[in-house]
Amino acid sequence: MKVKNDHRSKPCSTPHLRIIKREAFAFVATDDKYAERALVAALSLKKVQTTKPMVLICTPGVVSISRFKNFGVFDEIVMRPELNIPQNDQNPNLLLRPWITKTFTKLNIWTLTSYTKIVYLDTDVLVLKNIDDLFQRDELSAGPEDLWPDVFNSGVLCVKLLLFLGTDQGLLNDVYGNSWRTVPIRRLPYTYNMAYSTFKIYRSAYDRYKDEVKVVHFLGTLERKPWEFIFNESTNQLEPEADVYVKKWWKLHQSLSNG
Ligand SMILES: [Mn+2]
């Protein structure tokens with residue numbers, strides 16, 4: 001395991017905090033056939049003397065896990081759920097490419113949060129020369145789709161997992177963050193997602209703008225969630241600390257049992 005500063009990462013406000021870099025090749029298998037092909041692809045990587053560990057992501061569709069472990073090719077075999085497009089979907093692609101129903105399973109790469117960088121390879125590849133240099137690439141790097149359309153092919157992907165490790169927000173920001181920052185119209189007014197604590201911390205600003213608030217978000221862990229307030233059934237009273245939003249939430253919650 002190497003410990004050094006990544007010169008490509010954003011400047012860190014706490015310089016003493018060094019990021020431990022863990023890098024691996026990853027494959028995804030949804031059944032034994034795919035796992036076997038992943039094994040062949042992984043062997044081809046071994047043959048070109050990769051210095052990186054190899055991870056196989058298996059879904060419950062892979063039955064012979066222990067067999068694939070026994071080959072000793074993969075440094076780690078992890079279980080993840082299959083991510084599907086529902087079968088009854090009207091997607092016209094389904095007829096031509098039945099495997100497409102399982103294709104989102106690949107998104108499990110972003111759950112390998114013990115790694116900082118992943119180079120993902122499809123199971124239908126054969127590595128001919130050492131490609132460890134791919135770990136020097138920034139995310140998301142990929143090769144072009146063959147000729148047309150002008151998009152990237154997702155068969156070989158360089159993925160960085162540094163940001164907001166392992167949350168949906170981290171993943172979404174990795175994908176859309178740059179356009180969110182640069183395209184002004186994508187930035188919703190604060191009133192569409194007002195942090196609940198705003199109403200306590202910025203009391204005077206809140207008093208001025210409160211009528212414009214459209215969505216209040218009970219986010220974070222500093223404040224209690226509405227359902228963590230105590231409601232006394234016998235007196236039909238919320239504890240005195242409950243504010244207007246907590247009361248509103250409880251009123252709706254009450255209406256469930258009354259209706
Ligand atoms: Mn492929």
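Student: Over how many bridges do strand β3 and strand β6 pair?
Tutor: This is a predicted model, in which local features need pLDDT of at least 70 and side-chain atom pairs count only at pLDDT 80 or more, while totals for chains, interfaces and linings use all residues. Residues are numbered from 1 along each chain as its sequence is written. Strands here are DSSP runs of E with at least two residues, and helices are runs of H or I with at least four, numbered from the N terminus; two strands pair if DSSP finds at least two bridges between them. Strand β3 covers residues 23-29 and strand β6 residues 117-121, and their parallel pairing extends over a number of bridges equal to four.

Student: Which residue of β6 stands opposite Glu 23?
Tutor: Glu 23 belongs to the stretch 23-29 that forms β3, the parallel partner of β6. Opposite Glu 23, in β6, stands Lys 117.

Student: Which strands are the edge strands of the open sheet of six strands?
Tutor: The order across this sheet is β5-β4-β3-β6-β8-β7, with mixed pairing. Its neighbouring strands are turned against each other by 25° on average, direction ignored, the axes being lines fitted to C-alpha atoms (for helices over the stretch in contact) and angles running from 0 to 180 degrees between N-to-C directions. The strands that pair on one side only, at 76-79 and 141-144, are β5 and β7.

Student: At about what angle to β3 does helix α1 run?
Tutor: Helix α1, formed by residues 32-47, lies across three strands, namely β3, β4 (54-58) and β6. Relative to β3, the helix runs at about 150°.

Student: Where is the kink in α4 centred?
Tutor: Helix α4 (residues 168-182) reaches 21 Å from its first C-alpha to its last, close to the 21 Å expected, where the expected span is 1.5 Å times one less than the number of residues. A bend is the angle between axes fitted to the seven residues ending at a residue and the seven starting there. The kink in α4 is about 65°, and its centre is Tyr 176.

Student: Why is α4 said to lie largely in the open, and how many of its residues are buried?
Tutor: A residue is buried if 20 or more other C-beta atoms, placed from the backbone, lie within 10 Å of its own, exposed if 12 or fewer do, and partly exposed in between. Helix α4 lies largely in the open because, of its 15 residues, the number buried is zero.

Student: What is the separation of the C-alpha atoms of Gln 237 and Lys 247?
Tutor: Gln 237 is placed in strand β12 (residues 237-238) and is exposed, with 11 other C-beta atoms within 10 Å. Ten residues apart along the chain, Gln 237 and Lys 247 have C-alpha atoms separated by 9.9 Å.

Methods:
Contact = placed C-beta atoms within 7 Å.
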